[in-house]
Amino acid sequence: MGFIEAYKRLEKLCGETMGSDRPVTAYIEEMKAKPDGAYLVPGWEEDLKKLKRYRHIRNQIAHDPGCTEENMCEPGDAAWLTRFHGRILRCEDPLALYRKAKMPKPKAKPRPADNYESPRQNASENADQSPYLLIAAFLIIMYLILRFIAKA
């Protein structure tokens, strides 16, 4: 596939995803609007430079007399456009990766093991309360004994 055909395919796909009449430009502008994109997505700057370059080449071929694929393109340009098209389809393009990186991370739900209290934990908590329980039991027993003695 030649450069122009590969660019047209990419342009059509970007038009569908970006909802713009200037699809590749809209994709580029969206990337420019994300200043932290280069920090979050590996290869962000390289992809942006390539897209700008290929848009410029396409515009020159379309509008400037004497500009053709043969004298404007390098080997591999059409292949890069085709690969980028595939990356968009697989949601591995810069904007898709950016959206994934910016998604809020789901909070981890506590596992059942996290809520489990071991018998030792319960025993140690009960041990803190046991002196009071012993004193209360002792007082109740003493009260009952004294009442029994008083009746006799």
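Is Asp47 buried or exposed? Hold that thought for a moment, everyone.

First, the ground rules. This is a predicted model, where local features need pLDDT of at least 70 and side-chain atom pairs count only at pLDDT 80 or more, while totals for chains, interfaces and linings use all residues. Residues are numbered from 1 along each chain as its sequence is written, and side-chain values use heavy atoms, with hydrogens and water left out.

Now, back to Asp47. Asp47 is buried, at 8% relative accessible area; buried means under 20%, exposed over 50% and partly exposed in between, with a 1.4 Å probe and protein chains only. Asp47 sits in helix α4, a helix being a DSSP run of H or I with at least four residues, numbered from the N terminus. Leaving aside residues up to four places away in sequence, Asp47 touches Met31, Trp80, Phe84, Arg87 and Pro94, where touching means heavy atoms within 4.5 Å.

Next, the largest nonpolar core. Such a core is a set of buried Ala, Val, Leu, Ile, Met, Phe, Trp, Tyr and Cys residues joined through side-chain atoms within 4.5 Å. This one has 26 residues, and Phe3, Tyr27, Leu51 and Leu81 touch the most other members. Two or more residues come from each of α1 (3-18), α2 (23-32), α4 (44-63), α6 (77-89) and α7 (94-102), and α1 gives the most, with seven. Again setting aside residues up to four places away in sequence, Leu51 touches Leu10, Tyr27, Ile28, Met31, Trp80 and Phe84.

Finally, the cysteines. Cys73 is buried at 18%, whereas Cys91 is partly exposed at 40%. The structure holds zero disulfides, meaning pairs of cysteine sulfur atoms within 2.5 Å. Thanks for listening!
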